[in-house]
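Here is a walk through a protein model for anyone who likes to look at helices, cores and empty spaces. Keep the viewer open as you read.

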Amino acid sequence: MEAMQDQLLTVTAQLHQMATRIDHLEAEVEHLRGSHEVKQLAKEAASTECIDQRGQPIDNTLPQTDRTSTLLKQVFGLSHNIGGMQSMLTMDNLRNDLRQWNLAASPETHASIAQSIRHKYVRNCSLLVSDMSGFTRITKEEGICHFLMLVKQMQAMCIPLMESFGGTLVKVEADNLFVIFPSPHLAVLASMHCQASARKYNQERRRNDQLHLSMSVVHGDLFLIPGVDLFGGVVPMGFELGEDVADMDETLVTEEVVSVCKQQAVIDGLVVFEQAEPFVHGGKNVGVYRAVPVLERILPSVTSCSMPVLNPQINSEEPAEYVALMDERMHHPSKAAQIDAQLKKRFTERSTVLVIDLHFDDSESKGNEEADLLLLDSIVRLKSEAARLCEKHCGQPVASMQTRASPCIFALFSASAAAFSAAVDFAAICCASDKGITSYGRGSPSLGL
């Protein structure tokens, strides 16, 4: 017990140090944020003819371009560091809370800490989930780099719009955005404006350069780890609606969302709700509506899609060099093949990928008021164990997955035999009875190479 308490004190001291470092980084990135204006300065400089002593024009474009690229790398590099440290700080705070919950000396203290954790992390809000259409076709015809650029353009267009309606980006998964709003009508309006802006953006663009979105809006309780992840409650329903059910250029909402929206005068006349086919979720039929904008009232507002969005949550999962190359690809379509070759050379590798999906037996959780915390605690512990075993066998866990509360683990290995050994060891740990994990928490993993 004393050793665990010492560990808690050490972790607390580390958290304070990280918080101080984040403050310094945020001040620095604010100082450099204005560097985005350098792009405009570079354009002006390029259009201004400079004369040397002999009266000959000087080509001053290249130095300005290089300087702009360097400043952009600095800005996105700082944003990368801030996002990574914020994620680590948030997850360390969560682990600290769970440790205190596990170390509670009495049932009363245990219940009190559980209530405190829920008060800190459980939110009643609206969730907007967006997904892009056309991945398979575009990747086959244009290559993966082209679709990745479209993802960056989608983020640059949608995230500022969503934030203007009070949305807060929680996480990005591939071409999906998970954004929370304080009320359903704001989420629906944000969705309508994103769809309208995408329609305007797509005008006169060839098919494989267009942005098409499938969206969903749900409302209810969910477990929110700010800037890192969200799960439970209405999250699975929202993800299924946006990812699997909604068609291209369509926004689906639940009956509860429609009910709340109809009470808001601000949305009256802007959006019409048409009943759609119900879908089955959790063994129950869920009423679903299609949100249709009144086009003459929803005016598209296409923000600049010519630069990757500056957002710590997104940038933390992207090397600054990758963002800089994507920025260059957006501005120089004629150099796409050359830039794609650089992207593939720098970021493509041949590896064995170990994929672990954790499954939990919820029979113990029925009637247990702390089932959500038991599940979260088990996921956090098992992911830590998985990372340790992967590194022991010379593997590299994918960092972005380690900071998520989802029960999935990805790791890269140079040798298939090492990945298989790590998988076998992890399966043994999941079944062990001496790891301080309940049988509900142990569950069983699915493993794939």
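What follows goes from the whole chain to its helices, its cores, its empty spaces and a few single residues.

First, the ground rules. This is a predicted model, so to speak of local features takes a pLDDT of at least 70 and side-chain atom pairs count only at pLDDT 80 or more, while totals for chains, interfaces and linings use all residues. Residues are numbered from 1 along each chain as its sequence is written, and side-chain values use heavy atoms, with hydrogens and water left out.

**The chain overall**

The chain has 16 helices and 16 strands; these are DSSP runs numbered from the N terminus, with helices being H or I of at least four residues and strands E of at least two. Of its 449 residues, 47% are buried, where buried means under 20% relative accessible area, exposed over 50%, and partly exposed in between (1.4 Å probe, protein chains only). Take the contacts between residues at least 6 apart in sequence: 72% of them join residues at least 24 apart. A contact here is a pair of heavy atoms within 4.5 Å. The accessible surface is about 22300 Å², and 52% of that belongs to carbon and sulfur atoms; areas come from the Shrake-Rupley method with a 1.4 Å probe, and for residues only the protein chains shown count as cover.

**Two helices to look at**

Both α13 and α7 can be checked against an expected span, which is 1.5 Å times one less than the number of residues.

| Helix | Residues | Number of residues | End-to-end C-alpha distance | Expected span |
|---|---|---|---|---|
| α13 | 371-392 | 22 residues | 31 Å | 32 Å |
| α7 | 184-202 | 19 residues | 27 Å | 27 Å |

For α13 the two values agree. With 16 of its 19 residues buried, α7 is largely enclosed by the rest of the structure. Each helix is followed by a residue with positive phi: C394 comes just after α13 at about 65°, and E204 follows α7 with a phi near 65°.

**The nonpolar cores**

A nonpolar core is a set of buried Ala, Val, Leu, Ile, Met, Phe, Trp, Tyr and Cys residues joined through side-chain atoms within 4.5 Å. The largest one has 42 residues, and M162, L177, V188, V253, V271 and F273 touch the most other members. Helix α6 (residues 144-164) supplies the largest share of this core, nine residues. Leaving aside residues up to four places away in sequence, V271 touches V188, L189, M192, A291, V292, P293 and V294. There is also a second, separate core of 20 residues, with L127, V170, V218 and L230 among them.

**Empty space**

Both kinds of space are found on a 1 Å grid over the protein atoms alone: a cavity is a set of points where a 1.4 Å probe fits but cannot get out, a pocket is an open set with protein on both sides within 12 Å along at least five of seven lines, and lining residues have an atom within 4 Å of a point. Grid points are joined across faces, edges and corners, and a volume is the space filled by probe spheres set on the points.

The second largest pocket has a volume of about 610 Å³. Its lining has 21 residues, of which F231, G232, V235, P236 and P407 lie nearest the centre. Two or more lining residues come from each of β4 (168-173), β7 (229-231), α8 (235-245), β13 (352-359) and α13. Which element gives the most to this lining? That is α13, with four residues.

The structure holds one cavity of 30 Å³ or more, and the largest cavity has about 50 Å³ of space. Its lining residues include M91, L94, R95, I225, L376 and I379. Here α3 (61-102) and α13 are the elements that give two or more residues, and α13 again gives the most, with four.

**Three single residues**

A174 is not a glycine, yet its phi is positive, about 55°. It sits in the loop between β4 and β5 (176-181) and counts as exposed at 65% relative accessibility. C394, met above, lies in the loop between α13 and β14 (396-397) and is exposed, with a relative accessible area of 65%.

Is I314 buried or exposed? I314 is buried, with a relative accessible area of 4%. This residue belongs to helix α10 (residues 312-315). Not counting residues up to four places away in sequence, I314 touches K152, Q155, I159, L169, V172 and V309. I314 and E173 are 141 residues apart in sequence, but 9.5 Å apart in space, C-alpha to C-alpha.
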